[in-house]
Amino acid sequence: MLTRIDHIGIACHDLERTVEFYRATYGFEVFHREVNEEQGVREAMLRINGTDDGGASWIQLLEPVREDSAVAKWLAKNGEGVHHIAFGTADVDGDAQKIGDKGVRVLYDEPRTGSMGSRITFLHPKDCHGVLTELVTSAGAEKPAAPEHGSESATDR
Ligand code: CMX
Ligand code: CO
């Protein structure tokens, strides 16, 4: 089940200048930075608010680190702006499967590594009314193990 807007991904040419805009204009500070080589991005995560599923909502600022990356290609075509939205779930595998079963193209066979050790996959924008859509399970918010027959429930342990 999708339970929050996890983040909005924003493509920019210059991460430091964009971080400074978000700090000076809105007062949002960087919570986390990393380079994700597989995705071809350098990113800054700005934490906006906690959510009632125990997660949080973020702005993800993205600068490409390679010309053949998805973000570099998108920037060359569109310029800076909103690149994708991401919904949070405790079960990215199950939700990707269910959404794929509805005929929406899921871009990865298995979720890959996203910000802060999360597991992510993407839905094709052409199947989502023009919106590149990401599904995210945060590290530490994995689906709880199913209770075993005849034993106490997972939450009692
Ligand atoms: N939002 C909406 N539409 C998009 C889009 C986006 N972000 N990116 C591409 N499209 C559209 C293009 O405009 C194009 O439409 P037209 O055919 O009408 O011109 C079509 O999709 C194909 O686009 P393309 O430029 O030829 O690009 P590709 O097909 O090579 O790649 C996609 C598109 C979605 C498969 C690729 O961007 C992808 O794999 N994205 C997922 C990974 C990603 O975005 N990583 C960066 C973020 C990492 C993170 O969040 O952690
Ligand atoms: Co993202």
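Colleague: How many disulfides does the protein have, and what decides the count?
Modeller: Zero disulfides. This is a predicted model, and the test is a pair of cysteine sulfur atoms within 2.5 Å. By that rule the count comes to zero.

Colleague: Take C12. Is it buried or exposed, and why?
Modeller: Buried. C12 has 1% relative accessibility. The cut-off for buried is under 20%, so C12 qualifies.

Colleague: And C128: buried or exposed, and why?
Modeller: Buried as well. Its relative accessibility is 16%. That value is still under 20%, so C128 counts as buried.

Colleague: What share of the protein is buried by that test?
Modeller: Buried residues make up 40% of the 157 residues.

Colleague: What makes A86 count as buried?
Modeller: A86 has 0% relative accessibility. Set against the cut-off of under 20%, that makes A86 buried. A86 is found in strand β5. It lies 9.8 Å from L2, C-alpha to C-alpha, although the two are 84 residues apart in sequence.

Colleague: Which residues are the protein donors of the cobalt ion, and what makes them donors?
Modeller: They are H7 through NE2, Q60 through OE1, H84 through NE2 and E134 through OE. These atoms lie 2.0 to 2.2 Å from the cobalt ion (ligand 2). The limit for an N, O or S donor here is 2.8 Å, so they pass. Water is not among the atoms, so a site may look incomplete.

Colleague: What spacing do the donors follow along the chain?
Modeller: H-x52-Q-x23-H-x49-E. H7 lies in strand β1 (residues 2–11) and Q60 in strand β4 (residues 56–64), so this pair ties together parts that are 53 residues apart in sequence. Both H7 and Q60 are buried.

Colleague: Why are β1 and β4 called a pair?
Modeller: Two strands pair if there are at least two bridges between them. Five bridges join β1 to β4, so the rule is met. These strands run parallel. A11 stands opposite L62 in β4.

Colleague: What about β1 and β5: how many bridges, and parallel or antiparallel?
Modeller: Eight bridges, antiparallel. With a minimum of two, β1 and β5 therefore pair. In β5 (residues 81–89), I10 has V82 as its bridge partner, and I5 has F87.

Colleague: What is the order of strands in the sheet?
Modeller: The order is β2-β3-β4-β1-β5-β8-β7-β6, in an open sheet of eight strands with mixed pairing. What marks the edges is that β2 (30–36) and β6 (112–113) each pair on one side only.

Colleague: Which pattern does the protein follow along the sequence?
Modeller: It reads β-α-β-β-β-α-β-α-β-β-β. That comes from three helices and eight strands.

Colleague: Now ligand 1. Which residues come nearest?
Modeller: Q39, K73, K77, H83 and K126, out of 18 residues around ligand 1.

Colleague: What makes K126 a polar contact of ligand 1?
Modeller: A polar side-chain atom of K126 lies 2.7 Å from an oxygen atom of ligand 1. The limit is within 3.5 Å, so the pair counts. For H83, a polar backbone atom is 2.9 Å from a nitrogen atom of the ligand. For W74, a side-chain N or O atom is 3.4 Å from a nitrogen atom of the ligand. These two pass the 3.5 Å limit as well.

Colleague: How much of ligand 1 does the protein cover?
Modeller: On its own, ligand 1 has 970 Å² of accessible area, and the protein covers 70% of it.

Notes:
Residues numbered from 1 in each chain as written. Chains lettered and ligands numbered in written order. Predicted model: local features only at pLDDT ≥ 70, side-chain atom pairs only at ≥ 80, totals over all residues. Heavy atoms only, no water. Donors = N, O, S within 2.8 Å, 3.2 Å for Na, K, Ca; no water. Helix = DSSP H or I, 4+ residues; strand = E, 2+ residues; numbered from the N terminus. Buried < 20%, exposed > 50% of the residue type's maximum accessible area, 1.4 Å probe, protein only. Near = heavy atom within 4 Å. Polar contact = N/O pair within 3.5 Å; in protein donor to acceptor, adjacent residues only side chain to side chain. Areas by Shrake-Rupley, 256 points an atom, 1.4 Å probe, with all protein chains shown as cover.
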